[in-house]
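The exercises below take a single chain and work through its ring contacts, its strand pairing and its charged side chains. Each task is followed by a solution that goes step by step.

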Amino acid sequence: QVQLVDSGGGLVQTGGSLRLSCAASGRALSSYAMAWFRQAPGKEREFVAAISTNGASTDYADFVKGRFTISRDNVKKMLYLQMNSLSPEDTAVYYCAARRYTTGSRKDDYPYWGQGTQVTVSS
């Protein structure tokens, strides 16, 4: 019911910032809780952040608290991830994801996914 296209990745130095975007099409975005996951080479996909249908509630993995901010614009059908104070450990492919109504922190909870965007942080 919803298609996702994420973008905004790139190469940045340690301590730098990037803003990832996810554009949605299809049904109204207000019906979906959304999230960001990431996957480094040879590693399992892991939870980064989630946001409720109206943006009132957010949830973050411990390793990004205070550095990353998830936000959404339901009118524009957009999801964002502002990433600050980046380190090489943040290097991964980042994926946006969506599910009906309630948030979750497990990848299996989300049936809809973007194609991924590469984030590389150099030393």
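In this predicted model, Arg-38, Glu-46, Arg-67 and Asp-90 are linked in a network of salt bridges.

**Exercise 1. Salt bridges around Arg-38**

Task: Determine which side chains meet Arg-38 in a salt bridge, and state whether Arg-38 is buried or exposed.

Solution. Step 1: begin with the total, which is six salt bridges in the structure.

Step 2: Arg-38 and Glu-46 meet through their side chains, with 2.8 Å from N to O, and Asp-90 forms a salt bridge with Arg-38 in which the closest N and O atoms are 2.9 Å apart. The pair of Asp-90 and Arg-38 links distant parts of the chain, since Asp-90 belongs to the loop between β8 and β9 while Arg-38 belongs to strand β4, 52 residues apart.

Step 3: apply the cut-off for burial, which is a relative accessible area under 20%. Arg-38 has 6% relative accessibility and therefore counts as buried; Asp-90, with a relative accessible area of 1%, is buried as well. Glu-46 has a relative accessibility of 32%, so this residue counts as partly exposed.

**Exercise 2. A salt bridge between exposed residues**

Task: For the salt bridge of Lys-65 and Asp-62, give the N to O distance, and decide whether Lys-65 and Asp-62 are buried or exposed.

Solution. Step 1: the side chains of Lys-65 and Asp-62 meet at 3.3 Å, taken from N to O.

Step 2: the class "exposed" requires a relative accessible area over 50%. Lys-65 has 52% relative accessibility and so counts as exposed, and Asp-62 is exposed because its relative accessible area is 66%.

**Exercise 3. Aromatic pairs and their cluster**

Task: Describe the geometry of the pair Phe-37 and Phe-47 and of the pair Tyr-95 and Trp-113, and identify which residues form the aromatic cluster.

Solution. Step 1: a pair of aromatic rings is described by the distance of the centres and the angle of the planes. Rings pair if their centres lie within 6.5 Å, and planes over 60 degrees apart count as edge-to-face; by this rule the count comes to six aromatic pairs.

Step 2: Phe-37 and Phe-47 form one edge-to-face pair, with 5.7 Å centre to centre and 75° between the planes. Phe-37 lies in strand β4 (residues 32-39) and Phe-47 in strand β5 (residues 46-51), so that the pair ties together parts that are 10 residues apart in sequence. Both of these residues, Phe-37 and Phe-47, are buried.

Step 3: Tyr-95 and Trp-113 also form an edge-to-face pair, here with 6.4 Å centre to centre and 80° between the planes. This pair links distant parts of the chain, with Tyr-95 in strand β9 (residues 92-100) and Trp-113 in strand β10 (residues 112-113), 18 residues apart. Tyr-95 is buried because its relative accessible area is 14%, whereas Trp-113, at 24% relative accessibility, counts as partly exposed.

Step 4: Phe-37, Phe-47, Tyr-95, Tyr-110 and Trp-113 form one aromatic cluster.

**Exercise 4. A charge over two rings**

Task: Find the rings over which the charged end of Arg-45 sits, and give the distance from each centre.

Solution. Step 1: the charged end of Arg-45 sits over the ring of Tyr-95, at 3.7 Å from the centre of that ring.

Step 2: the charged end of Arg-45 also sits over the ring of Trp-113, at 4.9 Å from the ring centre.

**Exercise 5. The order of strands in a sheet**

Task: Work out the order of the four strands in the open sheet, and name the edge strands.

Solution. Step 1: six bridges join strand β1 (residues 2-7) to strand β3 (residues 18-26), and these two run antiparallel; on this side, Val-2 stands opposite Gly-26 in β3.

Step 2: six bridges also join β3 to strand β8 (residues 78-83), again antiparallel. Ala-23 stands opposite Met-78 in β8, and Leu-18 has Met-83 as its bridge partner in β8.

Step 3: the full order of the open sheet is β1-β3-β8-β7, with antiparallel pairing. The edge strands are β1 and β7 (68-73), because each pairs on one side only. Neighbouring strands of this sheet are turned by 15° against each other on average, direction ignored.

How values were computed: Residues are numbered from 1 along each chain as its sequence is written. This is a predicted model: local features need pLDDT of at least 70, side-chain atom pairs count only at pLDDT 80 or more; totals for chains, interfaces and linings use all residues. Side-chain values use heavy atoms; hydrogens and water are left out. Rings of Phe, Tyr and Trp (its six-membered ring) pair if their centres lie within 6.5 Å; planes under 30 degrees apart count as stacked, over 60 as edge-to-face and the rest as tilted. Buried means under 20% relative accessible area, exposed over 50%, partly exposed in between (1.4 Å probe, protein chains only). A charge sits over a ring if NZ of Lys or CZ of Arg is within 6 Å of the ring centre and within 35 degrees of the ring normal. Two strands pair if DSSP finds at least two bridges between them. Axes are lines fitted to C-alpha atoms, for helices over the stretch in contact, and angles run from 0 to 180 degrees between N-to-C directions. A salt bridge is a side-chain nitrogen of Lys or Arg within 4 Å of a carboxyl oxygen of Asp or Glu.
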